[in-house]
Amino acid sequence: MAACPEQGWSLLCNAVLLFEDTGELLPDGRVVDPHRPLVATA
C-alpha cells in the first residue's frame, strides 16, 4: 500500500486507487464514483 494524503489518494495492494472523496479507479480502468453517505441535518 502507498498513500499520498496531501493529494487525497491511496494505492491499495490489489492495485485499486482509493480517493479521499470515496471514489475509486480500478486496475481495469473502471471508475467508481464517489459514494459519500447522505448526512441528515436536524
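**A five-stranded antiparallel sheet**

Ser10 sits in strand β2, which covers residues 9–11. This is a predicted model, and Ser10 makes a handy way into it. With a relative accessibility of 17%, Ser10 falls under the 20% cut-off and therefore counts as buried. Setting aside residues up to four places away in sequence, Ser10 touches two runs of the chain: Met1, Ala2 and Ala3 on the one hand, and Val16, Leu17 and Leu18 on the other.

Those contacts fit into a wider layout. The chain has 5 strands and 0 helices, so that, read from the N terminus, its elements simply go β-β-β-β-β. The strands join in an open sheet, in the order β1-β2-β3-β4-β5, with antiparallel pairing. At the edges lie β1 (2–4) and β5 (31–32), each of which pairs on one side only. Over at the β5 edge, β4 (residues 24–25) pairs with β5 in the antiparallel sense, through 2 bridges. One of the residues involved is Leu25, whose bridge partner in β5 is Val31.

How sure is the predictor about this picture, and what are the values? The mean pLDDT of the chain is 80, and 83% of its residues reach 70 or more. Among the elements, β5 has the highest mean pLDDT, at 86, while β3 (residues 17–19) has the lowest, at 81.

Moving to the start of the chain, Met1 lies in the segment before β1. Its relative accessibility is 75%, so Met1 counts as exposed. Even so, Met1 is in contact with Ser10, Leu11 and Leu12, once neighbours within four places in sequence are left aside. Leu17 is 16 residues along the chain from Met1, and the C-alpha atoms of the two are separated by 9.8 Å.

A little further on comes Cys4, which is buried because its relative accessibility is just 11%. Cys13 goes the other way: its relative accessible area is 79%, so Cys13 is exposed. As for disulfides, the count comes to 0. Pro5, in the loop between β1 and β2, is exposed too, with a relative accessible area of 60%. The C-alpha atoms of Pro5 and Phe19 are 9.3 Å apart, although 14 residues separate the two along the chain.

The next loop, between β2 and β3, holds Ala15. The backbone is what draws attention here: phi of Ala15 is near 75°, a positive value in a residue other than glycine. At 41% relative accessibility, Ala15 counts as partly exposed, because that value lies between the 20% and 50% cut-offs.

Gly23 belongs to the loop between β3 and β4. Is Gly23 buried or exposed? Its relative accessibility is 4%, so Gly23 counts as buried. Not counting residues up to four places away in sequence, Gly23 touches Leu17 and Leu18, and also Val32, Asp33 and Pro34. One of these partners, Asp33, is 10 residues away in sequence, yet the C-alpha atoms of Gly23 and Asp33 are 4.9 Å apart in space.

Charged side chains come into play as well. Side chains of opposite charge can pair when their charged atoms come close. A search of the whole structure turns up 1 salt bridge. Which residues form a salt bridge? Asp28 and Arg30 do, with their closest N and O atoms 2.7 Å apart. Both Asp28 and Arg30 are exposed.

Finally, some totals for the chain as a whole. Of the 42 residues, 14% are buried. The chain exposes about 3500 Å², and carbon and sulfur atoms supply 61% of that area. Where contacts have a separation of 6 or more, residues 24 or more positions apart account for 0% of them.

Definitions and conventions:
Residues are numbered from 1 along each chain as its sequence is written. Side-chain values use heavy atoms; hydrogens and water are left out. Two strands pair if DSSP finds at least two bridges between them. Helices (H or I, at least four residues) and strands (E, at least two) are DSSP runs, numbered from the N terminus. pLDDT is the predictor's confidence in each residue, from 0 to 100. A disulfide is a pair of cysteine sulfur atoms within 2.5 Å. Buried means under 20% relative accessible area, exposed over 50%, partly exposed in between (1.4 Å probe, protein chains only). Contact means heavy atoms within 4.5 Å. Accessible areas come from the Shrake-Rupley method with a 1.4 Å probe; for residues, only the protein chains shown count as cover. A salt bridge is a side-chain nitrogen of Lys or Arg within 4 Å of a carboxyl oxygen of Asp or Glu.
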